[in-house]
Amino acid sequence: MRDFSRFVRDLPDFPNAGILYRDITPLLGDKAIFREAVEAFAVHYESKAIDVTVGIDARGFILGAALAYRLGTAFVPIRKSGKLPYATYEVTYALEYGMDVLAIHQDAFPKQSRVLLCDDVLATGGTLAASVELIEKLEGELIGIALLAEITELEGREKIDDYEIFTLIEC
């Protein structure tokens, strides 16, 4: 498999001092590399009978929607609080630099749907753990978690280690 890490740049002190931001826009901006990354995810998950792909606000939308299209699944967004127009479930969680709230529509998918969760970067695991909690509130069967990159030194995987995680980049 290609070394996708060459297409992710590090931006120190963004969005706050002391945070090292992993910018995936170079990968997204290269049509061949973006397609290759989506295809790498698809090959891994195409035999798993996924019903719905869930993408996390905001960069998880980009990867998740493309992957949902490729896999032929529905796409469901998990958004920041106040961004979804219908009845939602919400979960508050800790970030590296504060607190936040994620939400999902209460009717986002039928119970027992086979769900693939997609996001760009696993750091401390707070966002993914909150997203897993939302999927569980809807009684979805979480089949796997697709991540472009995992920052292994932050040990975020420990918060979600009950689930199969597939990542294209470890940094």
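**Close-up views of a predicted model**

**View 1. Helix 4 and the position of E133.** E133 is located in helix 4, which covers residues 126-137. The model shown here and in the views that follow is predicted. With a relative accessibility of 36%, E133 is classed as partly exposed, because that class lies between the limits of under 20% for buried and over 50% for exposed.

**View 2. A patch of negative charge on the surface.** E133 also belongs to a surface patch of negative charge. The other members of the patch are E136, E155, E158, D161 and D162.

**View 3. Overall fold.** The protein contains four helices and nine strands. Read from the N terminus, their order is β-β-α-α-β-α-β-β-β-β-α-β-β. The C-alpha trace extends over about 40 × 35 × 30 Å along its principal axes. The radius of gyration is 15 Å, in agreement with the value near 16 Å for a compact globule of 171 residues. Of these 171 residues, 46% are counted as buried.

**View 4. The salt bridge between E39 and R70.** The structure as a whole holds 11 salt bridges. In the one between E39 and R70, the closest N and O atoms are 2.9 Å apart. This pair connects distant parts of the chain: E39 lies in helix 2 (residues 31-45) and R70 in helix 3 (residues 59-71), with their positions 31 residues apart in the numbering. E39 is partly exposed, at a relative accessible area of 32%. R70 is likewise partly exposed, at 31%.

**View 5. The salt bridge between E46 and R70.** The side chains of E46 and R70 form a salt bridge with an N to O distance of 3.1 Å. E46 is placed in the loop between helix 2 and strand 3 (52-56), whereas R70 is in helix 3, so the contact ties together parts 24 residues apart in sequence. The relative accessible area of E46 is 44%, which makes this residue partly exposed. E39, E46 and R70 are thus joined in a network of salt bridges.

**View 6. The salt bridge between E141 and R114.** Side chains of opposite charge can pair when their charged atoms come close. E141 and R114 form a salt bridge in which the closest N and O atoms are 3.4 Å apart. The pair links distant parts of the chain, 27 residues apart, with E141 in strand 8 (residues 141-150) and R114 in strand 7 (residues 114-122). E141 counts as partly exposed at 37% relative accessibility, and R114 is partly exposed with a relative accessible area of 26%.

How values were computed
Residues numbered from 1 in each chain as written. Predicted model: local features only at pLDDT ≥ 70, side-chain atom pairs only at ≥ 80, totals over all residues. Heavy atoms only, no water. Patch = residues over 30% accessible without salt bridge, like charges linked within 9 Å, V, L, I, M, F, W, Y side chains within 5 Å. Areas by Shrake-Rupley, 256 points an atom, 1.4 Å probe, with all protein chains shown as cover. Salt bridge = Lys/Arg side-chain N within 4 Å of Asp/Glu carboxyl O. Lys, Arg positive; Asp, Glu negative; His and termini not counted. Charge placed at Lys NZ, Arg CZ, Asp CG, Glu CD. Helix = DSSP H or I, 4+ residues; strand = E, 2+ residues; numbered from the N terminus. Buried < 20%, exposed > 50% of the residue type's maximum accessible area, 1.4 Å probe, protein only. Rg over C-alpha atoms; globule rule 2.2 N^0.38 Å.
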